[in-house]
Amino acid sequence: MVQTVVQNYLGSLAMNGFVPAEGTELLTGRGAVVVGGGSGIGAAVADLLGRHGAGVVVNSRDQGAVDRRVAQIAARGGDAIGIAGSAAEEGVAEELVQACVGAYGGIDVLINCAGIAEPAQSSILDVSTAQWRALLDSHLTTVFNTCRAAAPLMTSSRRGSIINTGSFAYLGDYGGTGYPAGKGAVTSLSLAMAAELKEYGVRVNTVCPGARTRLSTGPDYEAQMRRLHERGLLDEVTLRGSLDPPPPEYAAALYLFLASEASAAVTGDVFIAAGGFVGRFPRPVPDVLGYRDHLRAEPWSVADLAAMITK
């Protein structure tokens, strides 16, 4: 998978190329909500947006993490407020958006970075319904609730950037259940919203980051990566990258770029941000295996299909 990402590397565009010259503020006067902003990638994103002039609403389920991040942004001269709670709850999602409007005059940027880890060794053979629902709520319902709350305001002002967090896991390479399913659904929902909101000047993109966070460190995580490698799901290069992910700041720069007017023409894309490289997934298109006119020919036989699909 890493080899595919490298092949899609965007020319000579390195991650630090997204960071403007010192002193340049890209988001002055803009209001932003960062869901999952208390730790990991979300915290790095919230910090970076604050340094570039945005008023930031920091959200996490952990009140302590929210308070620490707000204080950190303020210590660097930024403006932030915090709201703790799960945005998988409709009321919390609406509160985040309304708080941004109240504090900063509107919502210009919505970034979804919340997530939880797949249970250790989880597979379709043993995942519980409760685990499945928790994973989908954390990844997909959170995105749905916050986008539903923010999109009408953005379309009314005819501007806005929504950046949702996907994952390489949506390809199935890492196994699992609710985590890849949720991330895949987030990617599809983002593509659909990008198509629907483009005429209103609202952009929607997805970032699949690779970074060192609480979800990608620790003995359980490392053991799981090695098990996937032993089973043939991960190649050697991907295994090494998974066991030594870069700091979250490398991924945060792409979120800043997509939040700013520097990316005004960019929407409906699925990006990769992992360490020193940036990639973009090409939009899937079908390979034509065969065709017959249904007005003049019978349906395909099993033998016909076998000849096309297994050759």
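## A tour from W300 outward

Begin by selecting W300, which, leaving aside residues up to four places away in sequence, touches G290, Y291, R292, L305 and M308. Keep in mind throughout that this is a predicted model. W300 lies in the loop between β8 and α10, and with a relative accessibility of 32% it counts as partly exposed. If you add G290 to the selection and draw a line between the two C-alpha atoms, the distance is 9.7 Å, for residues that are ten apart in sequence.

Next, show the side chain of R292, one of the contacts of W300. The charged end of R292 sits over the ring of W300, at 3.9 Å from the ring centre. The side chain of R292 also meets that of D304 in a salt bridge, with an N to O distance of 3.4 Å. This pair links distant parts of the chain, since R292 is in the loop between β8 (277–280) and α10 while D304 is in helix α10, twelve residues apart. Both partners are partly exposed, R292 having a relative accessible area of 29% and D304 a relative accessibility of 28%.

Stay in this region and select L305, another residue that W300 touches. L305 is found in helix α10, which covers residues 302–309, and it counts as partly exposed because its relative accessibility is 33%. Now colour L289, W300, L305 and I309 together, and you will see the members of a nonpolar surface patch of about 370 Å².

From here, move to F281, which lies in the loop between β8 and α10, and add Y170, which lies in the loop between β5 (160–165) and α6 (178–197); the pair therefore ties together parts that are 111 residues apart in sequence. How are the two rings of Y170 and F281 arranged? Their centres are 5.8 Å apart and their planes stand at 85°, so the pair is edge-to-face. The count of aromatic pairs in the model comes to one. As for their surroundings, Y170 is partly exposed at 28% relative accessibility, whereas F281, at 15%, counts as buried.

The remaining stops are salt bridges, of which the structure holds eight. Side chains of opposite charge can pair when their charged atoms come close.

Select E261 and R30, whose closest N and O atoms are 3.6 Å apart in a salt bridge. E261 lies in the loop between α9 (248–259) and β7 (270–274), and R30 in the loop between α1 (2–7) and β1 (31–35), so this pair ties together parts that are 231 residues apart in sequence. E261 counts as partly exposed, with a relative accessibility of 48%.

For the last stop, select R76 and D47, the side chains of which meet in a salt bridge at 3.8 Å, N to O. R76 is in the loop between α3 (63–75) and β3 (79–84) and D47 is in helix α2 (residues 40–51), so that distant parts of the chain, 29 residues apart, are linked by the pair. Is D47 buried or exposed? With 10% relative accessibility, D47 counts as buried, while R76, at 45%, counts as partly exposed. Finally, add R69 to the selection, and you will have the three residues D47, R69 and R76 that are linked in a network of salt bridges.

Definitions and conventions:
Residues are numbered from 1 along each chain as its sequence is written. This is a predicted model: local features need pLDDT of at least 70, side-chain atom pairs count only at pLDDT 80 or more; totals for chains, interfaces and linings use all residues. Side-chain values use heavy atoms; hydrogens and water are left out. Patches are made of residues with over 30% relative accessible area and no salt bridge: like charges are joined within 9 Å, nonpolar side chains (Val, Leu, Ile, Met, Phe, Trp, Tyr) within 5 Å. Accessible areas come from the Shrake-Rupley method with a 1.4 Å probe; for residues, only the protein chains shown count as cover. A salt bridge is a side-chain nitrogen of Lys or Arg within 4 Å of a carboxyl oxygen of Asp or Glu. Helices (H or I, at least four residues) and strands (E, at least two) are DSSP runs, numbered from the N terminus. Buried means under 20% relative accessible area, exposed over 50%, partly exposed in between (1.4 Å probe, protein chains only). Contact means heavy atoms within 4.5 Å. Rings of Phe, Tyr and Trp (its six-membered ring) pair if their centres lie within 6.5 Å; planes under 30 degrees apart count as stacked, over 60 as edge-to-face and the rest as tilted. A charge sits over a ring if NZ of Lys or CZ of Arg is within 6 Å of the ring centre and within 35 degrees of the ring normal.
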